[in-house]
Amino acid sequence: MTTAKRDTYTPETLLAVAVDVFNERGYDGTSMEHLSQAAGISKSSIYHHVAGKEELLRRAVSRALDGLFAILDEPGAQDGRAVRRVEHVTRRTVEVLMNELPYVTLLLRVRGNTGTERWALERRREFDQQVSRLLEAAVADGDLRADVDIRTATRLLFGMVNSLVEWYRPQPEGSVERDQLADTVVRLAFEGMRAGR
């Protein structure tokens with residue numbers, strides 16, 4: 001007598017499998033069949049945990065977005081000169097990206113084809129706008145160059161940070177590369193934008 005494989009997945013572990021499949025195949029290219037094969041469970045077992053593929057996407061991009069928006073509430077993002085706050089936000093954005101790499105990778109790959117994707121893109125724009133406001137305040141304080149267009153600077157800053165998903169591979173916490181990466185990004189981004197250079 002054979003017994004069916006017992007579903008040992010939790011919503012969190014199922015989400016991790018789904019994110020890996022979405023990143024490998026693309027969200028649009030992933031079916032519930034692909035997810036059930038990757039998880040080694042039936043489609044009905046997946047539906048026991050979630051309403052469907054889009055719920056998994058929303059949970060995944062929410063995890064990335066929640067990590068990013070939490071940065072804006074940290075004391076380092078709230079207190080002190082604007083230039084120090086934007087440096088803090090940049091450093092912590094890199095750290096969140098390293099800690100939540102598959103989730104942030106998925107967030108950066110959404111294209112707006114579903115309601116969840118459009119919501120995620122809007123939230124990303126909102127985060128970018130808050131960072132732009134910090135950059136504007138740092139320029140107004142005289143700490144960053146006034147001859148650099150803020151929208152362009154914001155795009156370049158996030159272009160550099162977001163490119164990490166293409167080449168960064170997770171390192172153990174406390175490793176030299178991991179500890180220095182965020183500092184390197186901040187140094188490269190802001191030394192060229194400092195006023196008086």
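## Close-up views of a predicted model

**Figure 1. The largest cavity holds about 120 Å³ of space.** Let us start inside this model, which is predicted. The count comes to two cavities of 30 Å³ or more. Which residues line the largest cavity? They are Leu68, Thr93, Leu97, Val104, Leu107, Leu108, Arg124, Phe127, Asp128, Phe158, Val161 and Asn162. Eight of these lining residues are nonpolar, two are polar and two are charged. Helices H6 (82–99), H7 (101–109), H8 (115–140) and H9 (150–162) each bring at least two residues to the lining.

**Figure 2. The second largest cavity has a volume of about 40 Å³.** Its lining draws two or more residues from each of the elements H8 and H9. The residues to look for are Leu135, Val139, Leu144, Arg145, Val148, Ile150, Ala153 and Met193. Sorted by class, seven of them are nonpolar, none is polar and one is charged.

**Figure 3. The largest pocket offers about 250 Å³ of space.** Two elements, H8 and H9, give two or more residues each to the lining of this pocket. Which of the elements gives the most? H9 does, with six residues. Around the pocket you will find Arg124, Arg125, Asp128, Gln129, Ser132, Arg151, Thr154, Arg155, Phe158, Gly159 and Asn162. The lining divides into one nonpolar, five polar and five charged residues. Some names may look familiar: Arg124, Asp128, Phe158 and Asn162 line this pocket, and they also appear in the lining of the largest cavity.

**Figure 4. Arginine 63 and glutamate 100 join their side chains in a salt bridge.** The N to O distance here is 2.7 Å. Arginine 63 belongs to helix H4 (residues 53–71) and glutamate 100 to the loop between H6 and H7, so this pair ties together parts that lie 37 residues apart in sequence. How accessible are the two partners? Arginine 63 is partly exposed at a relative accessible area of 29%, whereas glutamate 100 is buried at 19%. Across the model, the count of salt bridges comes to 14.

**Figure 5. Glutamate 74 meets arginine 92 in a salt bridge, 2.9 Å from N to O.** The pair ties together parts 18 residues apart in sequence, because glutamate 74 lies in the loop between H4 and helix H5 (75–78) while arginine 92 lies in helix H6. Glutamate 74 is buried, with 18% relative accessible area. Arginine 92, at 22%, is partly exposed.

**Figure 6. Arginine 81 forms a salt bridge with aspartate 143.** Their closest N and O atoms are 2.8 Å apart. This pair links distant parts of the chain, with arginine 81 in the loop between H5 and H6, aspartate 143 in the loop between H8 and H9, and the two positions 62 residues apart. Is aspartate 143 buried or exposed? Aspartate 143 is buried, with a relative accessible area of 18%. Arginine 81 counts as partly exposed at 45% relative accessibility. Elsewhere, salt bridges that share partners join Glu12, Arg63 and Glu100 into one network.

**Figure 7. Three aromatic pairs are counted in the model.** In one of them, the rings of phenylalanine 22 and tyrosine 27 have centres 5.1 Å apart and planes at 70°, so this pair is edge-to-face. Phenylalanine 22 is buried at 2% relative accessibility, and tyrosine 27 is buried at 9%. Why is the pair of phenylalanine 69 and phenylalanine 127 edge-to-face? Their planes stand at 70°, with the ring centres 5.6 Å apart, so the pair is edge-to-face. Phenylalanine 69 sits in helix H4 and phenylalanine 127 in helix H8, and the pair links these distant parts of the chain, 58 residues apart. Phenylalanine 69 is buried at a relative accessible area of 11%, and phenylalanine 127 counts as buried at 3%. Phe69 and Phe127 form one aromatic cluster with Phe158.

**Figure 8. Arginine 123 lies over the face of phenylalanine 69.** The distance to the ring centre is 3.9 Å. In another arrangement of charge and ring, the charged end of arginine 58 sits over the ring of tryptophan 119, 3.8 Å from its centre.

Conventions. Residues numbered from 1 in each chain as written. Predicted model: local features only at pLDDT ≥ 70, side-chain atom pairs only at ≥ 80, totals over all residues. Heavy atoms only, no water. 1 Å grid on protein atoms, 1.4 Å probe; cavity = no way out; pocket = protein on both sides within 12 Å on 5 of 7 lines; lining within 4 Å. Points joined across faces, edges and corners; volume = space filled by probe spheres on them. Helix = DSSP H or I, 4+ residues; strand = E, 2+ residues; numbered from the N terminus. Nonpolar A, V, L, I, M, F, W, Y, C, P; charged D, E, K, R; others polar. Salt bridge = Lys/Arg side-chain N within 4 Å of Asp/Glu carboxyl O. Buried < 20%, exposed > 50% of the residue type's maximum accessible area, 1.4 Å probe, protein only. Phe/Tyr/Trp six-rings, centres within 6.5 Å; stacked < 30°, edge-to-face > 60°. Lys NZ or Arg CZ within 6 Å of the ring centre and 35° of its normal.
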